[in-house]
Amino acid sequence: MRNNPAYDPTDPRYFDETDLRSEVERVFSLCADCRMCVKFCGSFPKMFDAVDSYCTDEKYTEVDAKKLKPQDVNQVVDLCFQCKLCYIKCPYTPGDHDWSIDFPRLMARGKAQQVKQKGVSRGDKFLGNPDWVGKIGTLTSPLANWANESRLHRRFMQTLLGIHKDKKLPPFASKTLASQFSSLRKEPQGEPTAKIAFFSTCYINYNQPELGTDTLEVMAHNNVRTLLRHASLAQRRHGCGNRGGAAECDEFT
Ligand code: SF4
Ligand code: SF4
């Protein structure tokens with residue numbers, strides 16, 4: 001029988017705790033039998049550790065996902081950063097298989113429910129506004145980069161925002177890609193061979209603009225007209241479960 005999980009936030013079941021829990025149990029027990037995605041991120045190893053520790057009586061016996069502790073499920077959800085790799089690899093996705101597994105959307109649903117219950121965390125509010133962080137970071141890049149290397153400051157950030165003190169953070173550039181784009185872009189000679197929109201992420205714009213400037217050079221060499229577009233804010237907020245904040249972004253509509 002084809003499953004019909006509530007992956008759409010407008011579905012009345014989307015925020016139903018009981019429905020979400022039974023969907024988690026269904027999908028986690030199928031994943032525990034498959035295990036193909038174990039290498040992609042922290043979510044799957046965390047799930048399999050929990051399953052192996054207390055959801056099976058002995059090795060190779062049936063998984064009882066009803067035993068999963070809510071705190072372990074929450075950690076699986078927290079460890080997903082919405083890269084979508086498991087969706088690409090999974091042979092059981094909606095439309096391709098009756099099991100209709102869309103693991104990233106299940107994680108997004110779990111995160112949205114956490115946010116509905118507890119609100120957006122301070123760290124996710126901060127990281128969910130990468131344009132603001134990027135603007136301040138590039139404007140004050142020598143100071144910001146020094147602070148990100150300072151043990152004392154990193155301990156403060158860990159306490160305040162939950163960003164681990166040992167997490168390697170990318171340095172801020174002194175000039176954004178957007179501020180250099182017009183002066184670096186070369187108009188095509190005659191009719192362009194193609195027109196492209198280059199979607200710079202916040203990372204390229206604020207942290208490594210040389211990836212964008214190199215792309216511009218390659219496009220100019222091939223007589224391609226390039227426009228700059230910037231879209232990552234809505235995706236970032238969506239990934240944090242902040243659906244209201246994501247819907248406020250133009251590029252999300
Ligand atoms: S998401 Fe699909 S491929 Fe990945 S472990 Fe689960 S069932 Fe297997
Ligand atoms: S979408 Fe989430 S769960 Fe799937 S591989 Fe990426 S981080 Fe892991």
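Is threonine 193 buried or exposed, and how many C-beta neighbours does it have inside 10 Å? Threonine 193 counts as exposed because it has 11 C-beta neighbours inside 10 Å, and a residue is called exposed at 12 or fewer. The model in which this count was made is a predicted one. Threonine 193 lies in the loop between α10, which covers 177-184, and β1, which covers 194-200. Leaving aside its neighbours within four places in sequence, threonine 193 is in contact with Asn222, Asn223 and Val224. A further link between these two stretches can be read from the backbone, where the C-alpha atoms of threonine 193 and arginine 225 are separated by 7.9 Å, although the two residues are 32 residues apart along the chain.

From this loop one can step back to the whole chain. The chain has 253 residues, of which buried residues make up 25%, and its secondary structure consists of 14 helices and two strands. Taken along the principal axes, the C-alpha atoms fill a box of roughly 65 × 50 × 35 Å. Among the contacts with a separation of 6 or more, 70% are accounted for by residues 24 or more positions apart.

The domain assignment divides the chain into domain 1 (17-118), domain 2 (122-171) and domain 3 (177-235). The centres of domain 2 and domain 3, taken over C-alpha atoms, are separated by 27 Å, and seven residues of domain 2 are in contact with seven residues of domain 3. On the side of domain 2 that touches domain 3, the residues divide by class into three nonpolar, three polar and one charged.

The largest nonpolar core comes next. This core has 26 residues, and those with the most contacts inside it are Val27, Phe28, Met47, Val51 and Phe103. Two or more residues are given to the core by each of α1 (17-34), α2 (43-54), α3 and α5, with α1 giving the most, six residues. Phenylalanine 103 deserves a second look, since, leaving aside its neighbours within four places in sequence, phenylalanine 103 is in contact with Val27, Cys86, Tyr87 and Cys90.

Phe103 also belongs to the surroundings of ligand 1, where it is joined by Leu30, Cys31, Cys34, Arg35, Met36, Cys37, Cys86, Lys89, Cys90, Tyr92 and Ile101. The elements that give two or more residues to this shell are α1 and α4, and α1 gives the most, with three residues. By class, the shell around ligand 1 has ten nonpolar, no polar and two charged residues.

Around ligand 2 there are 14 residues, of which Phe40, Cys41, Cys80, Cys83 and Cys86 come nearest. Cys86 is thus named both here and in the shell around ligand 1. At least two residues of the shell around ligand 2 are supplied by each of α4 and α5, and α5 gives the most, with three residues. The residues of this shell divide into eleven nonpolar, two polar and one charged.

The helix α5 can itself be checked for regularity of length. At 1.5 Å a residue, the 16 residues of α5 should span 22 Å, and its end C-alpha atoms are 23 Å apart, which agrees. The buried residues of α5 are Phe103, Pro104, Leu106, Met107, Ala108, Arg109, Gly110, Lys111 and Ala112, a list in which the charged residues Arg109 and Lys111 appear. After α5 comes glycine 119, whose phi is positive, near 85 degrees.

Positive phi values are also found at two residues that are not glycine. Most residues other than glycine have a negative phi. Lysine 84, in the loop between α3 (70-79) and α4 (85-89), has a phi near 75 degrees, and it counts as partly exposed because it has 14 C-beta neighbours inside 10 Å. Serine 100, in the loop between α4 and α5 (103-118), has a positive phi of about 50 degrees, and with 17 C-beta neighbours inside 10 Å serine 100 likewise counts as partly exposed.

Terms used
Residues are numbered from 1 along each chain as its sequence is written. Chains are lettered from A and ligands numbered from 1 in the order in which they are written. This is a predicted model: local features need pLDDT of at least 70, side-chain atom pairs count only at pLDDT 80 or more; totals for chains, interfaces and linings use all residues. Helices (H or I, at least four residues) and strands (E, at least two) are DSSP runs, numbered from the N terminus. A residue is buried if 20 or more other C-beta atoms lie within 10 Å of its own, exposed if 12 or fewer, and partly exposed in between; C-beta atoms are placed from the backbone. Domain bounds come from an automatic or database domain assignment. Two residues are in contact if their C-beta atoms, placed from the backbone, lie within 7 Å. A residue is near a molecule or strand if its C-beta atom, placed from the backbone, lies within 6 Å of it. A nonpolar core is a set of buried Ala, Val, Leu, Ile, Met, Phe, Trp, Tyr and Cys residues joined through C-beta atoms within 7 Å. The expected span of a helix is 1.5 Å times one less than its number of residues.
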